[in-house]
Every structure is written in structure tokens, then in C-alpha cells.
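Student: I've got a protein on my screen and I'd like to learn to read it. Please take me through it one question at a time.

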Amino acid sequence: MHHVPLSQNLEEILAGPALAADFTVARLLERTQGRGLYLVIVFICLPFITPISIPGFSTLCGFVIGFLALCLALRLPPWLPRFIAAHPLSSTRLHKVLRASVKVLRFVEKWIKPRRSAWLSWRPIQVGNALVLVFLAGLLALPIPPLIPFTNTLPSYAIILIALCMMEEDGVMIWAGYAAGLGSVGYFVFCADKIGHALARWLGSGA
């Protein structure tokens, strides 16, 4: 079966009749053949790809990403809370989002594309990848003070890579996503160790 890139799905939406005023996120997910759920996950991560982000915002977004990834693991149909899924989007705003998405996806799809992906269709692998996203979303949701750098950035890059590779069925580049995930875990362990030693020294000096 020929794989259609998500950017092409979005281009077809843009090339079609004018979007109705009641076009919703739920309809967008339907028009992108369900793979729009991965795109939603990627969008939610975009604010955190720089070291500086809004304090507390990552906790909320991490929970949302974890929920969506859990839906993937349980093989539920693409679904979002009603107040999000049924919220109407203006045609102007939707066109801007879709056009920006097409540009980003065209760039990404130069490196992330369907290849050696038969093993990604195995159900245990699909569940495992979704649970990896849940775990990384948990790291993103941790209420870590912003003075500790990269605690939002590293999990976000890993989530984006894995979600895009799952979306485009890339069995090669997904290993870069796994590596980014392991690097994120290693960084969190390193930070926890340093904080633990600092607390021990502080408590020791106060004794």
C-alpha cells in the first residue's frame, strides 16, 4: 500500500473548497486519516524546543501528550476532550496553521520518510513506542524549576522525533528518537544526582 505523506494530506485540504466556519480539530484528525493525532503531539511540544519556556506550562502539556499517547497504546480512535475537539476554528486561522505545518513537514520529510518500517507495524512495537511517549511526557510534566536548563527541551525533541517517525513509518530515523529519549533519561538522572549531593552537603553543613 502506497504511503501518502502527511504534508500531502494537508495540501489536499488546503486545495479543496473553502473551509467551513465550523471546521474543528476533530474534522482535521479525520481528514488526515488519524495521523493528525501525531501531529497534535508534535505541535504541543514545539514551545519547548528552546531552553527557555513558560514555567508550569510544560506540566499541563506533558499530561495532555501522555493522555494522547495512552490512547495510541490502547488503540483507541483519535480523540481529544470535547471542549478541544469540537471547538470551531476560523478558516483564516486554520489556513495559517496548515500552511505552516506543510512547510515544516516538507522539510522534515526530507529525512523522515517510510523505510524499513515493517517491524513498526507489529502491535507490541506500536504499544511500546506509545508507552515510550507516555514516559517522556511524564518527564516533560515534572515540575522542575526553570533554573535547571534543558529539562523541557530534551524530552520534547525525543517526543517529536518518535512521533514523526511513527507518523511517517520510518524504521531508521526512529532510532535517533530512541537515542534522544535515552539521553533525556540520562540527563535527568545526572541532574537528580547533582541535586541529591547538593542537598546532602547542605543538610550536612547545617547539622
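Tutor: Let's start with one word: two residues are in contact when heavy atoms of theirs lie within 4.5 Å. This is a predicted model, where local features need pLDDT of at least 70 and side-chain atom pairs need 80 or more, while totals for chains, interfaces and linings use all residues. Residues are numbered from 1 along each chain as its sequence is written, and side-chain values use heavy atoms, leaving out hydrogens and water.

Student: Okay, leaving aside neighbours within four places in sequence, which residues is Tyr 178 in contact with?

Tutor: Start from where Tyr 178 sits, which is helix H9. Its C-alpha atom is 7.2 Å from that of Ile 162, although the two are 16 residues apart along the chain. Skip the neighbours within four places in sequence, and the partners of Tyr 178 are Trp 119, Asn 129 and Ile 162.

Student: Is Tyr 178 buried or exposed?

Tutor: Here we need cut-offs: buried is under 20% relative accessible area, exposed is over 50%, and partly exposed is in between, with a 1.4 Å probe and protein chains only. Tyr 178 comes out at 18% relative accessibility, so the label for Tyr 178 is buried.

Student: Zooming out, how many helices does the chain have?

Tutor: We take them from DSSP runs numbered from the N terminus: H or I runs of at least four residues are helices, and E runs of at least two are strands. Reading on from the N terminus, each element is an α. The strand count is zero, and the number of helices is nine.

Student: Among contacts between residues at least 6 apart in sequence, what share joins residues at least 24 apart?

Tutor: Think of a chain with 207 residues, of which 42% are buried. Now keep just the contacts between residues at least 6 apart in sequence; the share that joins residues at least 24 apart is 80%.

Student: There's a big nonpolar core too, right? Which helix gives the most to this core?

Tutor: A nonpolar core is a set of buried Ala, Val, Leu, Ile, Met, Phe, Trp, Tyr and Cys residues joined through side-chain atoms within 4.5 Å. The largest one here has 36 residues, and Ile 41, Ile 65, Ile 159, Leu 164 and Ile 174 have the most contacts inside it. At least two residues each come from H3 (36–45), H4 (57–73), H7, H8 (153–168) and H9 (174–206). With nine residues, the helix that gives the most is H8.

Student: Take Ile 159 from that list: which residues does Ile 159 touch?

Tutor: Ile 159 is among the residues with the most contacts inside the largest core. Don't count anything up to four places away in sequence, and Ile 159 touches Ile 41, Cys 45, Ile 65, Leu 133, Leu 136 and Ala 137.

Student: And Ser 58, what is the relative accessible area there?

Tutor: Ser 58 lies in helix H4. Beyond four places in sequence, Ser 58 touches Phe 48, Leu 140, Ala 141 and Asn 152. Ser 58 counts as buried because its relative accessible area is 5%.

Student: How many residues apart is the pair in the salt bridge?

Tutor: A salt bridge is a side-chain nitrogen of Lys or Arg within 4 Å of a carboxyl oxygen of Asp or Glu. The structure holds one, in which the side chains of Arg 115 and Asp 170 meet at 3.0 Å, N to O. Arg 115 is in the loop between H6 (91–108) and H7, while Asp 170 is in the loop between H8 and H9, so far along the chain that the gap in residues is 55.

Student: Of those two, what does Asp 170 count as, buried or exposed?

Tutor: Arg 115 has 25% relative accessibility, so Arg 115 is partly exposed. Asp 170 has 0%, so Asp 170 counts as buried.

Student: Last one: what is the positive phi of Phe 150?

Tutor: Most residues other than glycine have a negative phi. Arg 116, in the loop between H6 and H7, has a positive phi near 45°, and at 72% relative accessibility Arg 116 counts as exposed. Phe 150 is in the loop between H7 and H8 and is partly exposed at 37%. Though not a glycine, Phe 150 has a positive phi of about 70°.
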